[in-house]
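Trainee: I'm new to this one. Can we walk through it together?
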Amino acid sequence: MPSEEGNASSQSSSGDTKRKVSIITEPVVERLGHDNLGFEQNKRKISQQSHHSEEGPARRKSNLHNNNFDTSSIHSDRYNGEAGGRAKKQSFSEALEKIEKDYDNSRLEQSWIYSLCMRCRVEYTTPSWEPPGWQKICPYPLCPSYRQFARILSIILIGVLLWITAFVIIGDTAAPGGQLFQLVVLTVAANFGGFLISLTTLPRLIGMLLVGILFQNVGWVNLDGEFQIVTAELRKLALVIILVRAGLEMDPTAFKKIYKTILKLGLIPWFVECSLIAVCARFFLQLPWMWSILLGSIVGAVSPAVVVPCLFRLRTKGYGVVKGIPTLIIAVAGIDDAVSVAGFGIISSIMFSTQSLGLQIAQAPVCIIGGLGFGVVWGFLCKYVPEPGDAYVVPIRTLMLFGGGLLAVFGSEEINFEGAGPLGVVFAAFTASYFWCGQGWELEDNPVSTAFEIFWMIFEPILFGITGASIKIAELDPHIVSIGVGSIYVVAVIRILTTVAIAFGDKLNVKEKIFVAISWMSKATVQAALGPVALKTVMSNENRTEEEVHYAEMVKMVCIMSIILTAPLGAILISVTGTKLLKKTKQQLEPMDGWRRSHRPSLHDISIIDEEEEREDIEGIADEDTAANTLSNAQTATAFTITK
């Protein structure tokens, strides 16, 4: 301040006309809530003739920005600048009304309704438009945006048009009260139930399954009789989509790096769980050995639909990426599912085959070789058909892969080699993705994967809705339920212990081994798709017996119980133990942006990080810097001593 005063006085003495310079020297009193430029804080006021006229600091926002309530807000409206610089007075009643309004806004932001509404909203990366007056009718954030409303409305209109068309073509089955109409209503309700469950951070499929159980036991839906043929075919379509997505999500680079660990942790725990479930079913449920092994092959599968969303949330917070744990878990889950589906197909081919014993024994190698051969050939064909530069390459490749999957599944059933079909679908998708990446597509930006994500959004509520609707609580045998619950939990614990025991030499500490083992206890997609298949196969056989129907119903019941018992618990354990057992990176990883990214987490949202490189970045650099600094300090001290 003295330098400024001296400068001002020297200028005033040199000029002919003395100028008065006014500088605020008294301490500035903090005023809260001023939006008028005349009341800026820490701003010098200098006359217009002075050469020291300058702009003050940027205008401060009012404390009422973001609706933060403060008692000083009474004065915030008193200084609204008017012509002539006169302040506008505010009556006590107006001030009191504003206080009450701000207080209500503050209470609204802290309420559970506000939090729930904000959870339901989606941030858009592209410009959005809304009709004039939309905010008056649907205020933010209590109502959806116009884009969300228009999207829902378009889906409803498309559904209504399809229903009208189906009613005209089919007739009473699509009319209100018909089985097709009930399936549509069940699908819509299951989708809504999944949305409600997702607000609790649990997987959507749990809500879909519960809605199906509710509709069946309340009497709102009846999908029995001849309509079971339709639901069985819908399950096969869902299975094809599941297997194609699994093949497209497999990363050859990651598999090459840790293939020994993936095979070891993918095959041994699955074999242990499959064997234990088969033993329990044989001695406690009195199932024949072939039926017991069939049940074990289904229950042993891990569900990526439960694991991926939970790992996605942990990955965005930086947990576990130091050693590539998310990649390991997802890769093992893919191998686990492929083995389960192939094993189920081979065993069911042997069980329901009417061929000779020699042909039944040859089922296993023929299914494996045939499935692998078909997958490689069809994937190689998708490399050249269509031509990579074709303008319609994405939709054609999508249809090629989907059509090949349908051909593999339905064709293998027709020739009584059911085990070859699912294996062929997985390897066709994997081979095609490998070649497409060589042609320039990136694995995480594969538009064909996006198309199958959309297919899964349609078929997921259908699959889990009809799976839940197949459970009739009144017909459940308490003895079978109690044995099934005990067997599932005991075997799950043994699988966890087995995984921890065999995870030696994988550069994982004890906590990380426990977390990896816990992540593989969740069951869902494979069990929902394959659980009722045996019952459908038995019911389609004219020479079926009552015992076979009873065995198939027990297989379906145990599979559905495994979903209900392990999916919610597995999701909760992954979310809770992940922050306690995994190491957190210093820099949190953000989810990838781009046109492909949807609101549904994908396997590619789990980044693949080189374990050795990450360790060097986090631990090695600090040690090297410390050693370098120590050496530098020692050299400096030596030089200083010599100089002295």
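Trainee: How many disulfides does the structure hold?
Mentor: Zero. A disulfide is a pair of cysteine sulfur atoms within 2.5 Å. Keep in mind that this is a predicted model: local features need pLDDT of at least 70, side-chain atom pairs count only at pLDDT 80 or more, and totals for chains, interfaces and linings use all residues. Residues are numbered from 1 along each chain as its sequence is written, and side-chain values use heavy atoms, leaving out hydrogens and water.

Trainee: Cys-367, buried or exposed?
Mentor: Buried, at 1% relative accessibility. Buried means under 20% relative accessible area, with a 1.4 Å probe and protein chains only. Cys-274 is buried too, at 8%.

Trainee: New topic. Where is Thr-499?
Mentor: In helix H19, residues 478-502. Helices are DSSP runs of H or I, at least four residues, numbered from the N terminus.

Trainee: Why does Thr-499 count as buried?
Mentor: Because its relative accessible area is 2%.

Trainee: What does Thr-499 touch?
Mentor: Leu-265, Pro-269, Ala-517 and Trp-520, not counting residues up to four places away in sequence. Contact means heavy atoms within 4.5 Å.

Trainee: How much space lies in the second largest pocket?
Mentor: About 960 Å³. Of the 38 residues that line this pocket, the closest to its centre are Ser-470, Ile-471, Leu-535, Glu-553 and Lys-556.

Trainee: Which helix gives the most to that lining?
Mentor: H23, with 10 residues. H19 is also among the elements that give two or more.

Definitions and conventions. Buried means under 20% relative accessible area, exposed over 50%, partly exposed in between (1.4 Å probe, protein chains only). On a 1 Å grid over the protein atoms alone, a cavity is a set of points where a 1.4 Å probe fits but cannot get out, and a pocket is an open set with protein on both sides within 12 Å along at least five of seven lines; lining residues have an atom within 4 Å of a point. Grid points are joined across faces, edges and corners, and a volume is the space filled by probe spheres set on the points.
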